[in-house]
Amino acid sequence: MMKRIFMSAFAAVAALSAFAAYEKVEEVEPSLPLPNKQWEEIGRIKHKSAAEIADSRLSVGFECLDRDMFEPEKVYDKLAEIGIKWARCQTGWSKTEKQKGVYDFAWLDSVVDNLIKRGIKPWFNVGFGNGLYMGEMKNPTGVGYVPLYFGEECLQAWKNYIDALSKHFMGRVQYFEIWNEANINEFWQPKKADPAEYIELVKITGEIIRKNIPDAKIGAVNSGPYRKYSAEFFRLGGGKYVDFYAIHPYCVIPEERHDGDTRAFRRLFKQYAPDREISLWQGESGFGSDYPEGHYMRPATKGGEYMQAKWTLRRFTLDLASGYGLTSIYQCVDLKDGYQMATGGKPLFAKYGLFENNTYRPKKSVEILKNYTPIFDADTKPYALSAAVATRYAVPEGVGVSRLVDSAKRVETFERKGHPLYAFWLSEDMQVQMKPIANAALNYIEELPMKNPVLIDPISGRVFACDAKNKRAVYGNPLVGYSLRGVPLADYPLIITDYDAVGDLIVPLAK
């Protein structure tokens, strides 16, 4: 008997570690072992458009329109239906000033106004170069070419452009991120990345914007997670010029480095800019629905639409729980052919878009995020609570198997309308396409009331109510805590909260 238990537990753990071959994965829609005797299906999550959501900290990348990489008019309405409240837009000096001293903001006006009209707030990434003042460049749109290095006329032209840009969009845009990924040479041409010189660009640019928009928020940004470059930026005094600092932490597993880097950045802010309240942003990251062979991320598969959706749910939840000022997914639409790097050449691009290019077909992430955005609006705030997912009934304890499953379990905690909200998952690589573990339990200490627990599956949008007898005192002692049984554990966040926290978002099942 003991041997059978051992082998069963070993098989359960081993099943979580079997990578798929490097080939196009035919994904199967994730299916939870619900309803069961503890949980009864009662409805679905009601979708809300961006205009119907007062505010949130969820953003989408609306980048590369300065290079005409997609047709925004084909996606405005579709994007608004998702319920994401913010969009990162690039300003395109080269596209705006095609004749010296003449600024044509019509293309950017259209982007900003169409987003605002639909309840989406644009925030600006300000750049890049301009051939009128820089001469011949290795790409026609000036990507990565820095105005500090092309003489006084060029620098003054940049200042004039920033002055015109900020005056023109005063009252419509408040957040201005200066340059893009200045810590990598591809975006810091024609010299090599230099944090001191980036500080100078941020200082010059930010002062002009603040002169015209006194309540403007200025940001800096680096490619990747925490870098030595980031530490140097703050050590050299960059913190006194910024209100937010954005990172672009692309990775296969969204939990990788997340907690340690978050703490490290906040220590930097306090250590080198103690008199400022600098907000940490996640400004660009994602997982592709399709990767070309040889891509720098080196995924074990070619990706997939459900993998992309699961990654996005996990990253959003991590950042929201950690109090990031904003978290932005890259990107709205797959880039079309023709993108060029700063030094010329065409990169191997994954398909990161929520929508396909050309057809503008919504990918799986679109419908799935519609189930997520109404729950994680401004009413849901990070809140420190004690909770854990117990798997002793699914993966038996006391037998000689790996306990890595236990260390990979993740619970992030929030407060919504006075009630607790728990988001929990197993931080397995999405490429494994693990089958959800059945018969787990959520153990928690009831410091906020949860009288009528409901379980929400953001993949399907289904909502399940807890049987009244299922809420049990741990060890029979409520002073220890409570346990909800029959809970599945998946490789993407499931949500448990009180019905009263989300009742207005539930559409009851037709009887």
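**Exercise 1.** State the volume of the second largest cavity in this predicted model, then sort its lining by residue class.

*Solution.* The second largest cavity holds about 30 Å³. Next, list its lining: Tyr330, Gln331, Asp334, Leu335, Phe349, Ala350, Lys351 and Tyr352. Now sort the lining residues: 5 are nonpolar, 1 is polar and 2 are charged.

**Exercise 2.** Do the same for the largest cavity, and give the cavity count.

*Solution.* There are 2 cavities of 30 Å³ or more. The largest cavity has a volume of about 40 Å³. Its lining consists of Asp66, Gly92, Trp93, Ser94, Lys95, Gly127, Phe128, Gly129 and Thr141. Sorting this lining gives 2 nonpolar, 5 polar and 2 charged residues.

**Exercise 3.** Is Glu207 buried, partly exposed or exposed?

*Solution.* Locate the residue: Glu207 sits in helix α7, residues 195-212. Take its relative accessibility, 47%. The partly exposed class lies between under 20% (buried) and over 50% (exposed). Glu207 is therefore partly exposed, given its 47%. As a distance check, Glu207 and Ile218 are 11 residues apart in sequence, with their C-alpha atoms 9.3 Å apart.

**Exercise 4.** Describe the barrel, one of its strand pairs and a helix packed on the sheet.

*Solution.* Start with the strand order: β2-β3-β4-β5-β6-β7-β8-β9 forms a closed barrel of 8 strands, paired in parallel. Neighbouring strands are turned by 25° against each other on average, ignoring direction. Helix α10 (residues 305-321) packs on this sheet and touches β2, β8 and β9. The direction of α10 makes about 165° with that of β9. Now take one pair: β7 (residues 244-248) and β8 (residues 279-285) run parallel, joined by 4 bridges. Ala246 stands opposite Trp281 in β8.

Notes:
Residues numbered from 1 in each chain as written. Predicted model: local features only at pLDDT ≥ 70, side-chain atom pairs only at ≥ 80, totals over all residues. Heavy atoms only, no water. Pairing = 2+ DSSP bridges. Helix = DSSP H or I, 4+ residues; strand = E, 2+ residues; numbered from the N terminus. Axes fitted to C-alpha atoms, helices over the stretch in contact; angles between N-to-C directions. Contact = heavy atoms within 4.5 Å. Buried < 20%, exposed > 50% of the residue type's maximum accessible area, 1.4 Å probe, protein only. 1 Å grid on protein atoms, 1.4 Å probe; cavity = no way out; pocket = protein on both sides within 12 Å on 5 of 7 lines; lining within 4 Å. Points joined across faces, edges and corners; volume = space filled by probe spheres on them. Nonpolar A, V, L, I, M, F, W, Y, C, P; charged D, E, K, R; others polar.
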